[in-house]
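Here is a briefing on one protein–DNA model. Look at the sequence and structure first, then read the points by topic.

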2 protein chains.
Amino acid sequence: MAQLSDSIEQFIKELMSDDAHIELRRNELAQHFGCAPSQINYVLATRFSVDHGYIIESRRGGGGYVRIVRMQNRGEKNFLETLLERVGTSIDEDTANAIISNLYERKMVTRNEALLLKAGVARNALALPVTAKDVLRAAVFRNMLIQVFRNIEEGKRDDV
Amino acid sequence: MAQLSDSIEQFIKELMSDDAHIELRRNELAQHFGCAPSQINYVLATRFSVDHGYIIESRRGGGGYVRIVRMQNRGEKNFLETLLERVGTSIDEDTANAIISNLYERKMVTRNEALLLKAGVARNALALPVTAKDVLRAAVFRNMLIQVFRNIEEGKRDDV
DNA sequence: TGCTATAATAGTCAAAGAAGGTCAAAAGAA
DNA sequence: TTCTTTTGACCTTCTTTGACTATTATAGCA
């Protein structure tokens with residue numbers, strides 16, 4: 001049943017289309033969807049986080065607004081470093097998934113590859129205490145991320 | 001006779017009819033049959049497992065669902081089953097790599113996907129005693145293998 | 001002009017609601 | 001008995017709402 005949050009996410013993405021950023025009124029949007037204003041914050045937090053490749057700016061008071069900015073493509077080399085730093089030595093599944101979705105939106109991986117990456121970091125694969133899971137997931141994920149960039153870099157040789 | 005589980009199994013199969021996959025609400029279905037929700041899980045586990053040719057996906061929370069995907073052709077189903085059996089609960093890196101190369105040779109995964117899979121099971125990702133590594137690798141690998149087949153089956157939906 | 005009160009926004013956080021998952025014990029069949 | 005099925009208690013995840021808080025612009029007043 002196409003969750004409210006999903007609809008709002010879609011709506012915002014359509015609004016953005018090709019633009020690198022849009023501005024909206026939190027209350028208006030909430031009214032449009034007949035929901036609590038804080039629902040908008042929830043959507044922003046869960047679907048437009050930095051890990052998803054967006055930056056949120058806002059301003060309160062009269063004439064207030066919420067601006068959603070799609071982060072620019074950095075140089076790939078730099079980007080990998082940033083991602084690895086973000087992953088660090090421990091990462092939870094949601095954050096990892098956000099990063100993967102971002103890679104897909106930037107067309108750096110195909111849909112199938114994205115799903116493969118998600119399968120690799122899924123919590124259900126790891127029968128361990130949560131903390132250990134996060135540590136292990138980070139290790140596996142780092143490896144896969146590096147491979148993603150390697151794939152992008154070379155994409156030519158045919159020996160596997 | 002006609003066990004409850006059998007009825008539920010039939011019901012689901014009729015629901016699917018020609019579709020390669022359906023989505024349902026666990027609680028609704030349970031209510032329809034006047035049984036405990038976990039009964040549905042039992043049916044899924046015993047009649048819609050991978051070795052029966054199905055793959056289950058699900059999501060919790062508001063708007064949650066259970067999706068049942070049927071693998072189209074028998075060959076694929078048996079192959080996945082064989083692979084999962086081969087992987088078992090513990091596998092070393094070389095064996096995993098051999099399986100991946102085989103998938104690539106059969107053109108079931110692209111070169112990039114194969115490399116991604118290898119990255120996911122690489123020993124350097126797992127900072128653990130060897131035995132534990134193998135066990136963990138098996139878990140992650142199983143997950144990824146199932147995803148490979150899922151990709152082959154559906155390759156259409158666009159939600160990542 | 002400078003200050004202040006008010007209205008107009010947005011943010012935070014915790015609690016409630018809405019699913020599905022797990023596991024072990026009880027019940028039933030073979 | 002032994003294997004399969006069924007149930008229920010408890011767990012985890014994701015969403016939605018609402019009360020309370022914070023910030024900003026502006027109109028009115030001294």
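In this predicted model, a polar side-chain atom of B:S38 sits 2.5 Å from a base oxygen of DNA strand D. B:R60 also reaches a base oxygen of DNA strand D, with a polar side-chain atom at 2.7 Å. A:Q3 takes the backbone side: an N or O atom of its side chain is 2.8 Å from a phosphate oxygen of DNA strand D.

**Around DNA strand D**

- On the protein side, helix 1 (4-16) and helix 3 of chain A, with helix 1 (4-16) and helix 3 of chain B, each give two or more residues to the surface near DNA strand D.
- That surface near DNA strand D divides into 8 nonpolar, 12 polar and 8 charged residues.
- In total, 28 residues surround DNA strand D, and the nearest are A:R59, B:S5, B:S38, B:Y42 and B:R59.
- Of the atoms of DNA strand D that come within 4 Å of the protein, 63% belong to sugar and phosphate.

**Around DNA strand C**

- DNA strand C has 28 residues around it. A:N41, A:G61, B:R26, B:N27 and B:N41 are the closest.
- Sugar or phosphate makes up 63% of the atoms of DNA strand C within 4 Å of the protein, and bases make up the rest.
- The residues near DNA strand C divide into 4 nonpolar, 16 polar and 8 charged.
- A:R26 uses a backbone N or O atom, which lies 2.9 Å from a phosphate oxygen of DNA strand C.
- B:N41 uses its side chain: an N or O atom there is 2.9 Å from a phosphate oxygen of DNA strand C.
- B:S58 places a polar side-chain atom 3.0 Å from a phosphate oxygen of DNA strand C.
- Elements giving two or more residues to the surface near DNA strand C include helix 2 (26-33), helix 3 (37-47) and strand 2 (54-59) of chain A. From chain B, they are helix 2 (26-32), helix 3 (37-47) and strand 2 (54-59).

**Nonpolar core**

- In soluble globular proteins, nonpolar side chains tend to be buried together.
- The largest nonpolar core here holds 60 residues. A:F141, A:L145, B:F141, B:L145 and B:F149 have the most contacts inside it.
- Chain A supplies at least two core residues from each of helix 4 (76-87), helix 5 (93-105), helix 6 (111-121) and helix 7 (130-154).
- Chain B does so from each of helix 4 (74-87), helix 5 (93-105), helix 6 (111-121) and helix 7 (130-154).
- Helix 7 of chain B gives the largest share of this core, 9 residues.
- Leaving out residues up to four places away in sequence, A:L145 touches A:L80, A:L83, A:L84, A:V87 and A:L103.

**A polar residue in helix 5**

- Is A:N97 buried or exposed? A:N97 counts as buried because its relative accessible area is 19%, under the 20% cut-off.
- A:N97 belongs to helix 5 of chain A.
- Beyond neighbours within four places in sequence, A:N97 contacts A:K118 and A:V121.

**Chain A overall**

- Chain A has 7 helices and 3 strands. Along the sequence they run α-β-α-α-β-β-α-α-α-α.
- Of its 160 residues, 46% count as buried.
- Among chain A contacts between residues at least 6 apart in sequence, 61% join residues at least 24 apart.
- Chain A exposes about 8,700 Å², and carbon and sulfur atoms supply 49% of that area.

Conventions
Residues are numbered from 1 along each chain as its sequence is written. Chains are lettered from A and ligands numbered from 1 in the order in which they are written. This is a predicted model: local features need pLDDT of at least 70, side-chain atom pairs count only at pLDDT 80 or more; totals for chains, interfaces and linings use all residues. Side-chain values use heavy atoms; hydrogens and water are left out. A residue is near a molecule or strand if one of its heavy atoms lies within 4 Å of it. A polar contact is a pair of N or O atoms within 3.5 Å; within protein, one must be able to donate a hydrogen and the other to accept it, and residues adjacent in sequence count only if both atoms are side-chain atoms. Helices (H or I, at least four residues) and strands (E, at least two) are DSSP runs, numbered from the N terminus. Ala, Val, Leu, Ile, Met, Phe, Trp, Tyr, Cys and Pro count as nonpolar, Asp, Glu, Lys and Arg as charged, and the others, Gly among them, as polar. A nonpolar core is a set of buried Ala, Val, Leu, Ile, Met, Phe, Trp, Tyr and Cys residues joined through side-chain atoms within 4.5 Å. Buried means under 20% relative accessible area, exposed over 50%, partly exposed in between (1.4 Å probe, protein chains only). Contact means heavy atoms within 4.5 Å. Accessible areas come from the Shrake-Rupley method with a 1.4 Å probe; for residues, only the protein chains shown count as cover.
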